[in-house]
Amino acid sequence: MATEVTPTDDVELTASSVSYSPDNPAPVIEPPRARTRRTPRSTRTNFELYGWLFMRLSGVVLVVLVLGHLLIQLVLDGGVTKVGFAFVAGRWASPFWQYWDLAMLWLAMLHGGNGLRTVINDYAEQANTRIWLKTLLFTAVTFTIVLGSLVIFTFDPNIR
């Protein structure tokens with residue numbers, strides 16, 4: 001025969017054994033960054049969803065591009081000892097390698113920039129700090145993409 005627990009018995013409740021009811025409501029957890037009067041309701045978009053999808057898709061493409069680059073350039077072509085100015089000039093004479101390296105540059109910078117944007121959103125508490133950090137990030141990513149693209153397409157193997 002099982003013993004019955006009566007209201008007079010002292011029973012210690014753990015977090016897993018507590019049942020919530022109207023008399024015993026669950027604790028309220030505040031959202032990480034609550035809306036204020038200055039935050040309009042119309043700011044909800046699917047930008048974060050698209051950023052999340054981009055990270056997954058670009059990560060897969062980057063793995064293929066980088067592993068292919070390492071396999072072809074370093075393993076099949078004789079290793080690091082052959083990489084030099086003439087080696088790069090010979091590779092970038094082909095549009096295939098120019099676009100391969102361009103795709104790696106753009107995807108790596110956009111993938112890394114999006115990841116850092118997420119870190120800034122998570123850890124920068126003040127709105128002004130977030131704005132300045134994202135502005136610096138956007139500037140650095142844009143500068144690197146533009147400069148890298150110019151180097152790839154304006155590379156002159158006849159420089160003396």
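The second largest pocket of this predicted model holds about 230 Å³ of space. Helices α3 and α4 (127-154) are the elements that give two or more residues to its lining. From there, the tour moves on to helix α1 and a glycine in α3.

**The pocket**
- Going around the lining of the second largest pocket, you'll meet Phe54, Met109, Leu110, Gly113, Asn114, Arg117, Lys134, Leu137, Phe138, Val141 and Thr142.
- By character, the lining of the second largest pocket splits into six nonpolar, three polar and two charged residues.
- Arg117 and Lys134 are among the residues in that lining.

**Helix α1**
- Helix α1 covers residues 47-76, so to speak a run of 30 residues.
- From first C-alpha to last, α1 reaches 41 Å, close to the 44 Å expected at 1.5 Å a residue.
- Seven names to look for on the buried side of the ledger in α1 are Gly51, Met55, Ser58, Leu62, Leu65, Gly68 and Gln73.
- What do the buried residues of α1 pack against? Their partners are α2 (85-91) and α3 (95-123).
- After α1 comes Gly78, which has a positive phi, near 100°.

**Gly112**
- Gly112 sits in helix α3.
- Is Gly112 buried, exposed or partly exposed? Its relative accessible area is 32%, and the partly exposed class runs between 20% and 50%, so Gly112 counts as partly exposed.
- Gly112 and Gly59 are 53 residues apart along the chain, and their C-alpha atoms are separated by 9.9 Å.

Notes. Residues numbered from 1 in each chain as written. Predicted model: local features only at pLDDT ≥ 70, side-chain atom pairs only at ≥ 80, totals over all residues. Heavy atoms only, no water. Helix = DSSP H or I, 4+ residues; strand = E, 2+ residues; numbered from the N terminus. Expected span 1.5 Å × (residues − 1). Buried < 20%, exposed > 50% of the residue type's maximum accessible area, 1.4 Å probe, protein only. Contact = heavy atoms within 4.5 Å. 1 Å grid on protein atoms, 1.4 Å probe; cavity = no way out; pocket = protein on both sides within 12 Å on 5 of 7 lines; lining within 4 Å. Points joined across faces, edges and corners; volume = space filled by probe spheres on them. Nonpolar A, V, L, I, M, F, W, Y, C, P; charged D, E, K, R; others polar.
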